[in-house]
Amino acid sequence: MSDETGMRAATAGAPGATGAAAEAGEVVTVPASHQGYPGIAFGGYVAGLLAARAAAVTVRVDFRAATPVDTPLRVAEPGDGGSQLMDGSGTVFATATPVPDLAVSAAPDAPSWDQAAAAAEAFRTAGPTGLAADGTVVDCFGCGPRPPGRGLRQCCMPVPGRDVVATAWTAHPAFADARGLMRAELLWAVLDCPTAWAGVHAGSLRPGAVTASLTATLLRPVASGEDLITYAWPVATQGRKHTMGAAVTTARGEPCAVGEALWIDPRRAPGTRGNREPVS
């Protein structure tokens, strides 16, 4: 849900926020509705916002500090083809950097619509499961138990017989632009939480983990009302670092977006087993 200090940044382009096409340096405010962990702006969304301002198809966004909601922030373009989210004192919360395209061929085959729909139903049947360190349910914009149009509802569960998690969903009109297409920063945001669920259900990610970086390539627009599948899978683990992949496809399996996220487990409390576990 954010970088190691608990970041989540969501800003322009959301209802109640300034437009995503804001000029460089314009002050924007992350609405409280777009939080990840409590009071912290949603990282997948700000990643998409910054990516839209970078001069590249594929962008990696690194989260540097906890980004508060309801606080004026500034989007800056440092001149290297990327972009930054910062406050008035110059504290940088997130940076976007152009990187080589992700290989779509590296993604495992997408689950079928029926498999993804069954996984989504399994999540609903099981009831909300918390990603916070204490196991509590978080009112997350990406995967929290919100009604349609108020959150992205990326609630993934395992696909039987495979090391992937998935969910079936429909692009809600509340997240569409004037052309009836899902806003690009929200399609980026969709790739965030599923990677956490992949780490929890198909890997060894611990509750309370946070997103250190998110990389994505958007491959095709998504129309309002379109049925979609999001699925995610573990890629590698090293100490407290966990790399997961994610993809969005149509109900027929046509790729719409592909991403990769680095998550970091919380440090263990002093005196607990594994406390000396390194980050790298």
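Me: Before we look at S83, what counts as a strand here, and which strand holds S83?
Reply: Strands are DSSP runs of E with at least two residues, numbered from the N terminus. In this predicted model, the run covering residues 83-86 includes S83. That run is strand 4.

Me: Is S83 buried or exposed?
Reply: Buried means under 20% relative accessible area. S83 has a relative accessible area of 1%, so S83 is buried.

Me: Which residue offers its backbone oxygen to the side chain of S83?
Reply: Happily, the contacts of S83 help here: beyond its neighbours within four places in sequence, they include R53, A76, T95 and L50. The side chain of S83 reaches a backbone oxygen at 2.9 Å. That oxygen belongs to L50.

Me: L50 turns up again in the largest nonpolar core; which helix gives this core its largest share?
Reply: The core has 63 residues, and L50, V61, L152, M182, W188 and V248 have the most contacts inside it. Its largest share is 6 residues, from the helix spanning residues 43-53. That is helix 1.

Me: Where on helix 2 do the buried residues lie, and within what arc?
Reply: The buried residues of helix 2 are A116, A119, A120 and F123. An α-helix has 3.6 residues a turn, so residues three or four places apart point the same way. Seen down the axis of helix 2, its buried residues line one face, within an arc of 95 degrees.

Me: And which exposed residues sit on the face of helix 2 turned away from its buried side?
Reply: Parts of the cover over the buried residues of helix 2 come from strand 7 and helix 4, among others. The face turned away from that buried side carries the exposed residues D114, R124 and T125.

Note on methods. Residues numbered from 1 in each chain as written. Predicted model: local features only at pLDDT ≥ 70, side-chain atom pairs only at ≥ 80, totals over all residues. Heavy atoms only, no water. Core = buried A, V, L, I, M, F, W, Y, C linked by side-chain atoms within 4.5 Å. Buried < 20%, exposed > 50% of the residue type's maximum accessible area, 1.4 Å probe, protein only. Helix = DSSP H or I, 4+ residues; strand = E, 2+ residues; numbered from the N terminus. Arc of directions from axis to C-beta. Contact = heavy atoms within 4.5 Å. Polar contact = N/O pair within 3.5 Å; in protein donor to acceptor, adjacent residues only side chain to side chain.
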